[in-house]
Amino acid sequence: MSRFSYVNGRFVRHGIASVHIEDRGYQFADGVYEVIALAGGRFVDLDLHLTRLDRSLGELRIARPMSDRALTMVLSNLAKRNGIRDGSVYLQVTRGVAPRDFAFPVDAVPQVVATARRFKPVDPKALADGVKAITIPDLRWARCDIKSVALLPAAMGKQAAREAGAYEAWQYDRDGFVTEGTSSNAWIVTNEGELITRPPTNAILNGITRQVMIELAKDAGLRFVERAFTVDEAHAAREAFVTSSTSFVMPITQLDDATIGNGKPGSFSVRLRETYLARMAEIAGARA
Ligand code: PDD
């Protein structure tokens, strides 16, 4: 099936979808993005994603390209045209096209592109055994709370993970505290049974899955503590996992050379993944 993408008001064949070479996203990473999951043809937590998009745009003083309603129409049309019911849409808004100048152009018109893709089937072995992660110094800028397209350090980090046979790289700050994964939030469960993730400051992206998971964990009566944890604590943890809109909950059973817990996904990770998937199934089955 041919794939369509959205480029500034038009649905175009994916193979020829393009933006101008002087788009500031291309030249300065001057843009923001969202990745939103689709379950049974319905968006998962669309309102939370649109709110975060609005915040990211505001922080960078990029004009809002269109209303939430119009954006929602664009994204759902895109998914429909591609025949995708279970997958994700990628939305990027840049400041606009202008002759190269570091300072903002005065009359920039934000550029909007979007693509859609089906979920890749999850490797059942990865879920049954958990995956490996490595730790790397966090070399990103100081505003990781903005969902900016400045992803070079993240791309370098994910590549380092791939080359180490790992699924994700957990970044740590100068004080040895884990910030987050390159494209996911980081969680541990201590030997005392406390579920821990770092508070949403400028050091991390406040994941939508993270926000929802905190509520699900509280509802399930799990002992949740929002605080920073060190790499050493993570190595000694009973459980570790990551969350994101595309991996939901992925258990980590090896971090660097340390085996986490007994080397199998732990009960919190398994339970939270099941609870999250049940919520997705509910969203998929919900009436429009
Ligand atoms: N990444 N932290 C970072 C640095 C991320 O890039 C992401 C998501 C998350 C999790 O956020 P959410 O739960 O809202 O997906 C945390 C997306 C999936 C990506 O770049 O493809």
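Start with helix H2, residues 46-60: in this predicted model, H2 gives the most to the lining of the largest cavity, with four residues. Select H2 together with helix H3 (68-81), since these are the elements that give two or more residues to that lining.

Now show the side chains around the cavity. Pick Leu50, Leu53, Asp54, Leu57, Arg64, Pro65, Met66, Asp68 and Leu71, which line it. Colour them by class and you'll get six nonpolar and three charged residues, with no polar ones. The space they enclose has a volume of about 50 Å³. How many cavities of 30 Å³ or more are there? The count comes to three.

**Next stop: the ligand**

Select the ligand and bring up its surroundings: 20 residues. The closest are Tyr33, Glu180, Ile208, Thr209 and Ser245.

Which side chains should you zoom in on for polar contacts? Try these:

- Tyrosine 33: an N or O atom of its side chain is 2.7 Å from an oxygen atom of the ligand.
- Arginine 52: here the distance from a side-chain N or O atom to a ligand oxygen is 2.9 Å.
- Glutamate 180: this time the partner is a nitrogen atom of the ligand, 2.6 Å from a polar side-chain atom.

Switch on a surface for a moment. How much of the ligand does the protein bury? Taken alone, the ligand exposes 480 Å², and 90% of that is buried by the protein.

Then go back to cartoon view and pick out the elements that give two or more residues to the shell around the ligand. H2 turns up again here, along with strand E3 (31-39), strand E9 (178-181), helix H6 (208-219) and strand E13 (239-244). By class, the shell has twelve polar, four nonpolar and four charged residues. Colour by domain as well: domain 1 (4-118) and domain 2 (124-283) each supply at least three residues to the shell.

**Last stop: the second largest pocket**

Keep the domain colours on. Select Phe28, Ala29, Asp30, Glu59, Leu60, Arg95, Phe104, Arg140, Trp141, Ser148, Ala150 and Pro153 to see the lining of the second largest pocket. The pocket's volume is about 200 Å³.

Which domains does this lining draw on? Domain 1 (4-118) and domain 2 (124-283) each give at least three residues. Recolour by class to finish: seven residues of this lining are nonpolar, four are charged and one is polar.

Key: Residues are numbered from 1 along each chain as its sequence is written. This is a predicted model: local features need pLDDT of at least 70, side-chain atom pairs count only at pLDDT 80 or more; totals for chains, interfaces and linings use all residues. Side-chain values use heavy atoms; hydrogens and water are left out. On a 1 Å grid over the protein atoms alone, a cavity is a set of points where a 1.4 Å probe fits but cannot get out, and a pocket is an open set with protein on both sides within 12 Å along at least five of seven lines; lining residues have an atom within 4 Å of a point. Grid points are joined across faces, edges and corners, and a volume is the space filled by probe spheres set on the points. Ala, Val, Leu, Ile, Met, Phe, Trp, Tyr, Cys and Pro count as nonpolar, Asp, Glu, Lys and Arg as charged, and the others, Gly among them, as polar. A residue is near a molecule or strand if one of its heavy atoms lies within 4 Å of it. A polar contact is a pair of N or O atoms within 3.5 Å; within protein, one must be able to donate a hydrogen and the other to accept it, and residues adjacent in sequence count only if both atoms are side-chain atoms. Accessible areas come from the Shrake-Rupley method with a 1.4 Å probe; for residues, only the protein chains shown count as cover. Domain bounds come from an automatic or database domain assignment.
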